[in-house]
Amino acid sequence: MEAKYEKLYRKLNVTPTKQRVDLAQLIFSKKQHFTATELISMADKKRLNISMATIYNTLSLLEDKGMLKTINIDNELKFYDTNLDHHHHLYNTTMSTLTDIENEKVVFAEFPELPKNLQIESTEVLIKARNK
């Protein structure tokens, strides 16, 4: 499994350190949403002994290289998403969980008029809901 993630980093022209490979195993083992704090907890549970700085730097690196998508819930909360396919999200404010919504499940009746020099590149919907 490690060789898979070493190849991933090499393909990105990034040195595959042990810490980066260990983090990639946690991050890319499945399609998931997580915060930096949750990744730190996952690393601690696996006793990986990776510093917070390395975790934040690796997340930033993977984001910059296009391997992770980010969903900013607000100024204080940022989720990382391993699903790079076009899709939307539902954020449960009560449980602080993020769920994928298939692209086809969101239909726009009308778009606002854009300035003549712009065209829509993509749309991404974030629905916030709380438990009843």
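This is a short presentation of the fold of one protein chain, given from a predicted model.

Good morning, colleagues. I shall begin with the chain as a whole and then turn to its parts. The secondary structure amounts to four helices and six strands. Along the sequence, these elements follow the pattern α-α-β-α-α-β-β-β-β-β. Taken along the principal axes, the C-alpha atoms fill a box of roughly 50 × 40 × 25 Å. The chain has 132 residues, of which 33% are buried. As for contacts between residues at least 6 apart in sequence, 48% of them join residues at least 24 apart.

Let me now take the helices. How do helix 2 and helix 3 cross? The axis of helix 2, residues 18–28, and the axis of helix 3, residues 36–45, come within 11 Å and cross at roughly 115°. Helix 2 is therefore roughly perpendicular to helix 3. The crossing of these two helices is right-handed. Which residues make the contact? Helix 2 contributes Leu23, Leu26 and Ile27, while helix 3 contributes Leu39, Met42 and Ala43. In terms of character, the residues of this contact divide into six nonpolar, no polar and no charged.

One residue of helix 2 deserves a separate remark, namely aspartate 22. Is aspartate 22 buried or exposed? Its relative accessibility is 7%, and so aspartate 22 counts as buried, the cut-off being under 20%. Leaving aside residues up to four places away in sequence, aspartate 22 touches Leu48 and Ile50.

I turn next to the sheets. As a general reminder, the strands of a sheet pair through backbone hydrogen bonds, in either a parallel or an antiparallel manner.

One open sheet has three strands in the order 1-3-2, and its pairing is antiparallel. Strand 1, residues 33–34, and strand 2, residues 69–74, stand at the edges; each has a single partner strand, so one side of each is left without a neighbour in the sheet. Strand 1 is joined to strand 3, residues 77–81, by two bridges, and these two strands run antiparallel. Which residue of strand 3 is the bridge partner of phenylalanine 34? That partner is tyrosine 80.

Another open sheet is built from three strands in the order 5-4-6, this time with mixed pairing. Here the edges are taken by strand 5, residues 97–102, and strand 6, residues 126–129; as each has a single partner strand, one side of each is without a neighbour in the sheet. On average, and with direction ignored, neighbouring strands of this sheet are turned by 25° against each other. Between strand 4, residues 87–92, and strand 6 there are four bridges, and the two strands run parallel. Within this pairing, histidine 89 has leucine 126 of strand 6 as its bridge partner.

Leucine 126 also serves as a reference point for my last residue, serine 51. Where does serine 51 lie? Serine 51 is placed in the loop between helix 3 and helix 4, the latter covering residues 52–64. With a relative accessibility of 38%, serine 51 counts as partly exposed. Serine 51 and leucine 126 are 75 residues apart along the chain, and their C-alpha atoms are separated by 31 Å.

To close, I would ask you to keep two points in view. Helix 2 meets helix 3 through six nonpolar residues. The sheet of order 1-3-2 has antiparallel pairing, whereas the sheet of order 5-4-6 has mixed pairing. Thank you for your attention.

Technical notes:
Residues are numbered from 1 along each chain as its sequence is written. This is a predicted model: local features need pLDDT of at least 70, side-chain atom pairs count only at pLDDT 80 or more; totals for chains, interfaces and linings use all residues. Side-chain values use heavy atoms; hydrogens and water are left out. Two strands pair if DSSP finds at least two bridges between them. Axes are lines fitted to C-alpha atoms, for helices over the stretch in contact, and angles run from 0 to 180 degrees between N-to-C directions. Angles under 35 degrees count as roughly parallel, over 145 as roughly antiparallel, 65 to 115 as roughly perpendicular and the rest as oblique. A crossing is left-handed if the near helix is turned anticlockwise from the far one by less than a right angle, and right-handed if clockwise. Contact means heavy atoms within 4.5 Å. Ala, Val, Leu, Ile, Met, Phe, Trp, Tyr, Cys and Pro count as nonpolar, Asp, Glu, Lys and Arg as charged, and the others, Gly among them, as polar. Buried means under 20% relative accessible area, exposed over 50%, partly exposed in between (1.4 Å probe, protein chains only).
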